[in-house]
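Please open the model in your viewer and keep the selection tool at hand. The tour below moves from one stop to the next, saying what to select and what is there.

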Amino acid sequence: MQMVILGLVGLMLVAAVFDAVKFIIPNWLCGLVVLTFPVAVLAAGLGWSDAGNHMLGGVIALLIGFALFAPGWIGGGDAKLFAASALWFGWPEIFAFLIHTVIAGGVLVILLLALRWLAPRIPALAARVEGSALAVNAPVPYGIAIAAGVFWSLPNSVFWGAF
């Protein structure tokens, strides 16, 4: 079970870095997060009802992601990563994951706003702002917040108990 959890943590770190650097979360990465879930279910010895409970959480997260993607509030990769990550949290743990992700997203936005205001005023940073997350019109790499939500919520999941 430890290797499966470490695999999830590694995938989430890669997703956060991809989003921070390239503003994209590759489909293959979301797919790997989904594919690690059945391995975790088997390793933790979850029954069909518990696994279904987690899949329900993933479907709910996918609907939330679609609802946020449709008006352009988040990117498609963010919606897919959120749903893939939500598989790891069943009912009612999905609510803690959602709240942790939203709080992490709020902190991320405040930090980015402060850095975007500060960066042009620091000569060493001013030359590196264009094309980075510090650019004024750059999107928010919300994959960072999703990864933080996973890290914050994972110790309360049934998989951590099997750790």
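Begin by selecting Phe97, which is buried because its relative accessible area is 0%, where buried means under 20% relative accessible area, exposed means over 50% and partly exposed lies in between, with a 1.4 Å probe and protein chains only. Before going further, note that this is a predicted model, in which local features need pLDDT of at least 70 and side-chain atom pairs count only at pLDDT 80 or more, while totals for chains, interfaces and linings use all residues. Residues are numbered from 1 along each chain as its sequence is written, and side-chain values use heavy atoms, with hydrogens and water left out.

Keep Phe97 in view and turn to the aromatic pairs, of which the structure holds five. Rings of Phe, Tyr and Trp (for Trp, the six-membered ring) pair if their centres lie within 6.5 Å, and planes under 30 degrees apart count as stacked, over 60 as edge-to-face and the rest as tilted. Add Phe82 to the selection: its ring centre and that of Phe97 are 5.2 Å apart with the planes at 15°, so this pair is stacked. Because Phe82 lies in helix α4 (residues 76-86) and Phe97 in helix α5, the pair ties together parts that are 15 residues apart in sequence; helices here are DSSP runs (H or I, at least four residues), numbered from the N terminus. Both Phe82 and Phe97 are buried.

Next add Phe89, whose ring also stacks with that of Phe97, since the centres are 4.8 Å apart and the planes at 15°. Phe89 is found in the loop between α4 and α5, and it is buried, with a relative accessible area of 1%. If you show its surroundings, leaving aside neighbours within four places in sequence, the contacts of Phe89 (heavy atoms within 4.5 Å) include His54, Gly57, Val150 and Ser157. The C-alpha atoms of Phe89 and Val150 are separated by 9.0 Å, although the two residues are 61 apart along the chain.

From Phe89, move on to Ser157, which sits in the loop between α7 (143-153) and α8 (158-161) and is buried, with a relative accessible area of 6%. Its side chain reaches the backbone oxygen of Leu154 at 2.9 Å. Not counting residues up to four places away in sequence, Ser157 touches Trp88 and Phe89. Select Trp88 as well, and then Phe37 and Phe159, because ring pairs link these three into a cluster.

Now return to helix α5 and select His100, which is buried at a relative accessible area of 12%. The side chain of His100 makes a polar contact with the side chain of Ser153 (2.7 Å); a polar contact is a pair of N or O atoms within 3.5 Å, where within protein one must be able to donate a hydrogen and the other to accept it, and residues adjacent in sequence count only if both atoms are side-chain atoms. Beyond four places in sequence, His100 touches Gly149, Trp152 and Ser153.

For the next stop, is Trp117 buried or exposed? Trp117, which lies in helix α5 (residues 93-118), counts as exposed, at 54% relative accessibility.

Finish at Phe23, in the loop between α1 (2-22) and α2 (27-44), which is partly exposed, with a relative accessible area of 26%. Phe23 has a positive phi of about 60° although it is not a glycine. Most residues other than glycine have a negative phi.

Definitions and conventions: Helix = DSSP H or I, 4+ residues; strand = E, 2+ residues; numbered from the N terminus.
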